Structure formats: C-alpha cells, structure tokens
Amino acid sequence: QITTSEKTHFTKKGAAAELSCSVPMIDKLLQQGRLDKIKVGAKVLIPREGIERILSNKNGANYVSDKK
C-alpha cells in the first residue's frame, strides 16, 4: 500500500489537501504555471516535486498571489 509520503503524483483534490488550499486555487496555480501537470486522458496529475517546491518556498504566502 502506498502512503501519502510515497506518492509521486496527486490529483487536484489531493494536491489541494497537501497544500491546505482549495481545488480552485490549484487550478489557478496550474494556469499560472506555478505547478506542473500531467494529463492522463481527462485526469490531471500533479507531480510531488511541484507541491514540495511550493511547501519549501520561504515566501510561501506568495504562491497565492495574483502577480505574474
């Protein structure tokens, strides 16, 4: 069985849970290019590396900014 710490990719809902934000915020981060995505058919998967990059960002609050 795979635990959360072993997952390499997350659904948008799973990524939102990891980042403690909403799915619409994940959509915004994807649109802004701040998160990478992999499409598998209609499903969108988000690599763990992108989530970890946001979590390790020292200015973490800036990831929700509208600034580009």
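**Arg 48 and its surroundings**

Visitor: Why is Arg 48 called buried?
Guide: In this predicted model, Arg 48 has a relative accessibility of 14%. Buried means under 20%, so Arg 48 makes the cut.

Visitor: And what makes Arg 48 and Glu 52 a salt bridge?
Guide: Their side chains meet at 3.4 Å, N to O. The limit is 4 Å between a side-chain nitrogen of Lys or Arg and a carboxyl oxygen of Asp or Glu, so the pair qualifies. Both residues sit in helix 3 (residues 48–56), four residues apart, about one turn of the helix.

Visitor: Is Glu 52 buried, exposed or partly exposed, and how do you know?
Guide: Glu 52 comes in at 39% relative accessible area. Exposed needs over 50% and buried under 20%, so Glu 52 is partly exposed.

Visitor: How do you know where the buried residues of helix 3 lie around the axis?
Guide: Arg 48, Gly 50, Ile 51 and Ile 54 are the buried ones. They span an arc of only 165 degrees around the axis, so they are on the same side of helix 3. Glu 49 and Ser 56, both exposed, are on the face turned away from that buried side.

Visitor: What makes Asp 27 and Lys 12 a salt bridge?
Guide: Their side chains meet at 2.8 Å, N to O, and the cut-off is 4 Å, so this pair counts too. Asp 27 is in helix 2 (residues 23–31) and Lys 12 in helix 1 (residues 12–19), so the bridge ties together parts 15 residues apart in sequence.

Technical notes. Residues are numbered from 1 along each chain as its sequence is written. This is a predicted model: local features need pLDDT of at least 70, side-chain atom pairs count only at pLDDT 80 or more; totals for chains, interfaces and linings use all residues. Side-chain values use heavy atoms; hydrogens and water are left out. Helices (H or I, at least four residues) and strands (E, at least two) are DSSP runs, numbered from the N terminus. Buried means under 20% relative accessible area, exposed over 50%, partly exposed in between (1.4 Å probe, protein chains only). The arc is that of the directions from the helix axis to the C-beta atoms.
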